[in-house]
Amino acid sequence: MALRTIVFLTLLSVPLSLRPAAAADDLPGGAGLARNCLICHAKDYHDVSPVPRLTGLDAAGIVEALREYRTGRRPATIMDRIASGYSDAEIDRLAAYLAGLHWGEQ
Ligand code: HEC
């Protein structure tokens with residue numbers, strides 16, 4: 001491969017490789033982060049799934065759950081692995097956003 005082609009392909013891949021991380025959190029107040037949660041915790045999902053509802057949980061309860069999942073103190077099938085991907089600051093933002101959701105409008 002010609003050097004020029006390699007340089008071109010490398011430059012082309014930089015913005016593409018940066019995009020997913022930026023897009024995941026590009027909304028204010030935790031909305032971007034919470035997209036990853038609402039795949040499973042969606043309002044209309046619970047008719048067909050055992051995933052617990054987040055409706056009615058306050059921010060402190062969500063923070064506590066995620067921190068306990070992260071440390072393994074709370075038993076989990078999947079949330080231990082998911083929670084371990086988030087920092088304390090991200091958990092705080094997620095909890096504030098999710099606790100403030102009007103689930104009927106999701
Ligand atoms: C792959 C599906 C899936 C995704 C994605 C997911 N969860 Fe969960 N969540 C679960 C399941 C299943 C449980 C029950 C515990 C377990 O088995 O891991 C749960 C439990 C919880 C609980 C405890 C609810 C309760 O009433 O005890 C909270 C809080 C929670 N998840 C928050 C989140 C947040 C915040 C995110 C996004 C960072 C998220 N979840 C992403 C499936 C998911």
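**Entry 1: around the ligand.** I looked up which helix gives the most to the shell around the ligand, and in this predicted model that helix is α3, with three residues. I then asked which residues come nearest, and of the 19 residues around the ligand these are Cys37, Cys40, Ala76, Thr77 and Met79. The elements that give two or more residues to the shell are α2 (31-38), α3 (59-71), α4 (79-83) and α5 (88-99). Sorting the shell by class, I noted 16 nonpolar residues and three polar ones, with no charged residue in the shell.

**Entry 2: α3 and α5.** I turned next to two of the helices that take part in the shell, α3 and α5, whose axes come within 8 Å and cross at roughly 140°. Because angles over 145 degrees would count as roughly antiparallel, this crossing leaves α3 oblique to α5. I also recorded that the crossing of α3 and α5 is right-handed. On the α3 side the contact is made by Ala59, Ile62, Val63, Leu66 and Arg67, and on the α5 side by Ile91, Asp92, Ala95, Ala96, Leu98 and Ala99. By class, I wrote down nine nonpolar, no polar and two charged residues for the contact of α3 with α5.

**Entry 3: α2 and α5.** How do the axes of α2 and α5 cross, and within what distance do they come? They come within 9 Å and cross at roughly 75°, so α2 is roughly perpendicular to α5. The contact draws on Ala31, Leu33, Ala34 and Cys37 of α2, and on Glu90, Arg93, Leu94, Tyr97 and Leu98 of α5. For the contact of α2 with α5 I noted seven nonpolar residues, two charged ones and no polar ones. Looking back over my entries, I see that Cys37 is also among the residues that come nearest the ligand, and that Leu98 of α5 is also listed in the contact with α3.

**Entry 4: confidence.** Finally I checked the pLDDT, which averages 80 for the protein, with 71% of the residues scoring at least 70. Over residues 16-22 the pLDDT stays under 50, and for this stretch the model has zero contacts beyond four places in sequence. Where pLDDT is low, the predicted coordinates should not be read in detail.

Notes. Residues are numbered from 1 along each chain as its sequence is written. This is a predicted model: local features need pLDDT of at least 70, side-chain atom pairs count only at pLDDT 80 or more; totals for chains, interfaces and linings use all residues. A residue is near a molecule or strand if its C-beta atom, placed from the backbone, lies within 6 Å of it. Helices (H or I, at least four residues) and strands (E, at least two) are DSSP runs, numbered from the N terminus. Ala, Val, Leu, Ile, Met, Phe, Trp, Tyr, Cys and Pro count as nonpolar, Asp, Glu, Lys and Arg as charged, and the others, Gly among them, as polar. Axes are lines fitted to C-alpha atoms, for helices over the stretch in contact, and angles run from 0 to 180 degrees between N-to-C directions. Angles under 35 degrees count as roughly parallel, over 145 as roughly antiparallel, 65 to 115 as roughly perpendicular and the rest as oblique. A crossing is left-handed if the near helix is turned anticlockwise from the far one by less than a right angle, and right-handed if clockwise. Two residues are in contact if their C-beta atoms, placed from the backbone, lie within 7 Å. pLDDT is the predictor's confidence in each residue, from 0 to 100.
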